[in-house]
Amino acid sequence: MTEIANDPFKNQHFDANDALSDVASLGEFRSLRSDVWRQFRRHKGAMAGCIMLIIIVLGCFLGPVLLPFDTSTPVVTNANRTAGWPHIWGTDNLGRDAFARALLGGRISLMVGFVAMFVSVLVGVLVGVLAGYFRLADGPLMRFTDLFLSLPLLPILLVVIVLFRDPVQDALGDGLGIFVLMVVIIGGTSWMQTARIVRGEVLAIKEQEFILASRSIGTRSRRIIVQNVLPNVLSPVIVAASLGIAVAILTESAVSFLGLGFPLELPTWGRLLNEAKDRIALNFWLVGGPGLLLSATVMSVNLIGDGLRDALDPQTRSKG
Amino acid sequence: MGLYIIRRLLLAIPTLLVISLVVFAILDLAPGDPTSQLPLTVPAEIRDQIRESLGFNDPFLVRWWNWNKLMVINEPIHAFETITNTCIGDCENRDRIISWSSRSPAMDTIYERLPQTLWVLGLGLLFGVLIAVPIGSLQAYKQYSWFDNVGTVVTLLGYSVPVFVIGPLFIYVFSVKLGWLPTFYTTTHDIDWTSWSSIWFQIKQLLMPVAVLTLFNAASFGRFTRGSVLENLNEQYVRTARSKGVSERSVMTRHVLRNSLIPVVTLLALSIPGIFGGAIITENIFRINGLGQLLLVSIGQNDLPMVQSLVFIFAVLTVLFNIVADVFYGLLDPRIRYD
């Protein structure tokens with residue numbers, strides 16, 4: 001579309017298919033997507049991150065089902081076993097298998113991470129596009145963003161969770177209530193960087209001629225934003241999203257580690273660490289296990305984010 | 001410069017007012033009640049009177065204004081009086097913010113806790129930057145060398161392994177297994193600067209919390225410094241400097257490093273709120289009774305005045321650090337003119 005829009009009046013009888021076959025006849029046809037994919041595959045760290053993340057996700061969702069251990073019923077006679085067979089990471093103070101518990105904890109941590117990242121990106125893109133596209137909204141929205149950036153977020157996060165946990169849990173049920181609260185709060189306090197990046201991109205794109213062309217044929221703002229602006233800010237948003245997963249998982253774990261997030265019946269990595277940190281002398285893997293899984297997840301997500309950034313950056317891509 | 005700092009400080013006032021409004025509004029929705037800790041034998045009408053006398057039934061904006069008056073006017077005056085040992089006006093009966101759980105002025109407790117937090121946080125930040133800048137620049141200078149590769153892996157580990165995983169592991173290795181360092185921080189320890197054993201004790205108990213924060217800060221700043229220096233090394237001005245015969249050391253320190261540090265300072269300012277978050281967790285792990293620990297305890301006790309004061313103090317510190325970062329900006333980049 002952009003070829004047409006760049007100079008809408010010069011070539012009245014422009015046929016996109018002709019142009020495509022022209023390009024194709026010049027040699028191998030390389031779309032942007034295949035280019036990015038090729039570059040991404042070449043990034044060793046990113047591929048390692050992908051494999052690691054897939055293993056962790058599969059392990060967390062299938063592991064507790066496949067392992068022959070009951071993760072909820074206490075077996076006190078079996079408590080505080082050190083690592084060995086069949087409990088490769090030992091058991092916790094109630095005799096439950098630490099490995100199965102750690103995998104179970106990953107489920108909620110990962111789900112919170114992905115959903116909260118989604119909320120954060122949604123808010124960030126919305127604020128960024130509105131601020132970048134509509135000049136009137138720019139000032140107030142950016143002051144609002146700056147305000148959020150200068151807030152001490154973790155203290156406020158802790159306070160808000162404590163204050164609203166009971167009402168939200170009453171309204172939505174225990175498990176869902178705390179999940180929704182965590183996701184909304186983590187997403188609602190981590191969107192600022194995305195908003196800033198998107199605003200910058202939109203400001204640049206808005207001045208380009210294909211937007212002017214679109215506007216001159218009477219396209220409404222909403223349609224221009226959805227069809228022309230959003231596809232062009234996709235790259236930075238994808239990078240921000242992948243790094244946002246790491247931030248969300250870390251924030252959830254931090255809150256749960258301080259004992260204010262998920263309850264003990266719904267273990268997350270942070271909650272397991274909170275429980276285990278005073279028993280580390282009894283069984284190292286009570287801390288080492290969830291810590292290892294958490295760190296490996298964050299690392300793989302960071303690696304994928306780095307790989308995506310390199311792959312989506314036209315400057316490094318053209319070299320590859 | 002002086003004028004700029006004054007103007008920035010004045011501009012911080014509306015920001016802090018908005019922050020105080022936000023903090024007050026969030027906490028005002030809380031179900032907390034100052035009479036909840038009184039004995040059950042206190043009858044309902046007396047409870048109502050207590051609430052009335054504490055101004056609990058006033059409209060929201062009136063309460064916010066009253067709280068602000070205490071926090072922004074009375075407390076600084078009191079602090080000034082204490083430091084200079086003077087008395088301004090009616091200093092005996094001046095109202096102060098009273099904690100619901102300790103029944104003493106909230107700010108007095110905060111002043112007691114502030115030094116521990118600033119020690120750990122400040123040292124962690126200082127060492128983090130001191131390690132990150134040289135290593136990050138050297139990594140960029142020798143890109144793809146073994147030094148760079150090792151540095152990249154260590155950096156990746158440093159910001160992927162969270163503080164609350166590394167902290168317990170440190171305790172396990174250095175306190176439980178090796179027995180070299182104390183498991184927790186003894187705040188009652190009064191540092192006697194004339195006695196080596198006293199200073200050594202303080203160093204030993206600061207070592208692990210500071211190391212944990214340093215590791216995290218060094219990783220995130222080191223990664224950023226490397227990227228920033230790499231970008232600058234490809235600039236034309238570096239070629240110009242080299243071609244006119246400037247020594248390599250001078251090219252790096254005077255030309256490249258100075259330019260590369262500008263975005264690093266931005267990151268520093270932006271990450272201050274996150275560093276406070278890290279301090280809360282570190283204090284929780286190593287049992288340091290600083291501001292973060294106080295906040296957690298106060299949240300647990302439903303001590304609203306204390307939580308409000310603490311969050312506000314965190315906000316003030318954040319805004320102040322931001323101004324300091326902006327001043328450093330001017331020192332690094334002479335193109336920025338403050339008028």
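Where in chain B is the place of R287(B)? Select R287(B) to begin: this residue sits in the loop between helix 9 (248-286) and helix 10 of chain B. The model on screen is predicted, and every value in this tour is computed from it.

**Stop 1: R287(B)**

Check the backbone at R287(B). Its phi is near 55°, a positive value in a residue other than glycine. Now show the surroundings of the residue. R287(B) counts as partly exposed because it has 14 C-beta neighbours inside 10 Å, where buried would take 20 or more and exposed 12 or fewer.

**Stop 2: helix 10 and helix 11 of chain B**

Move on from the loop and select residues 291-300, helix 10 of chain B, together with residues 304-332, helix 11 of chain B. Two packed helices are described by the angle between their axes and the distance between the axes. Here the axes come within 9 Å and cross at roughly 145°. The crossing of helix 10 and helix 11 of chain B is left-handed.

Which residues in helix 10 of chain B meet helix 11 of chain B? Show side chains for L291(B), L294(B), L295(B), S298(B) and I299(B), which are on the helix 10 side. Their partners in helix 11 are M306(B), V307(B) and L310(B). Coloured by residue class, this contact shows seven nonpolar residues, one polar and no charged.

**Stop 3: L270(B) in helix 9**

Go back along the sequence to L270(B), which lies in helix 9 of chain B. L270(B) is partly exposed, since 15 other C-beta atoms lie within 10 Å. Draw a distance from the C-alpha of L270(B) to that of R63(B): the two are 32 Å apart in space and 207 residues apart in sequence.

**Stop 4: P59(B)**

Next select P59(B), in the loop between helix 2 (44-53) and helix 3 (60-84) of chain B. Is P59(B) buried or exposed? P59(B) counts as exposed, because it has 8 C-beta neighbours inside 10 Å. A line from P59(B) to L11(B), C-alpha to C-alpha, covers 28 Å, with their positions 48 residues apart in sequence.

**Stop 5: helix 4 of chain B and the loop after it**

Select residues 106-141, helix 4 of chain B. At 1.5 Å a residue, its 36 residues should span 52 Å, and the end C-alpha atoms are 51 Å apart, so the two values agree. Within helix 4, centre on R113(B), where there is a kink of about 35°. The kink lies shortly before the proline P115(B).

Then step to Y144(B), in the loop between helix 4 and helix 5 (146-160) of chain B. Y144(B) has a phi near 70°, again a positive value in a residue other than glycine. Y144(B) is exposed because 9 other C-beta atoms lie within 10 Å.

**Stop 6: chain B as a whole**

Zoom out to chain B. The chain has eleven helices and zero strands. Its C-alpha trace spans about 85 × 60 × 40 Å along the principal axes. Of its 339 residues, 33% count as buried. Among contacts in chain B with a separation of 6 or more, 71% join residues 24 or more positions apart.

**Stop 7: chain A as a whole**

Switch to chain A. Its secondary structure comes to 15 helices and zero strands. Chain A has 320 residues, and buried residues make up 44% of them. Contacts between residues 24 or more positions apart account for 70% of those in chain A with a separation of 6 or more.

Pick S221(A), in helix 11 (residues 221-232) of chain A. With 12 C-beta neighbours inside 10 Å, S221(A) counts as exposed; the cut-off for that class is 12 or fewer. A C-alpha distance from S221(A) to F134(A) comes to 9.4 Å, while the two residues are 87 apart in sequence.

**Stop 8: where the chains touch**

Last, select the residues of chain A that are in contact with chain B. How many residues of chain A are in contact with chain B? There are 31, and they touch 36 residues of chain B. Helix 6 (135-149), helix 7 (153-172), helix 12 (234-257) and helix 14 (285-312) of chain A each supply at least two residues to this side. Helix 7 of chain A gives the most, with nine residues. By class, the chain A side divides into 25 nonpolar, five polar and one charged.

Conventions:
Residues numbered from 1 in each chain as written. Chains lettered and ligands numbered in written order. Predicted model: local features only at pLDDT ≥ 70, side-chain atom pairs only at ≥ 80, totals over all residues. Axes fitted to C-alpha atoms, helices over the stretch in contact; angles between N-to-C directions. Helix = DSSP H or I, 4+ residues; strand = E, 2+ residues; numbered from the N terminus. Left-handed = near helix turned anticlockwise from the far one by under 90°. Contact = placed C-beta atoms within 7 Å. Nonpolar A, V, L, I, M, F, W, Y, C, P; charged D, E, K, R; others polar. Expected span 1.5 Å × (residues − 1). Bend = angle between axes of the 7 residues up to and from the residue.
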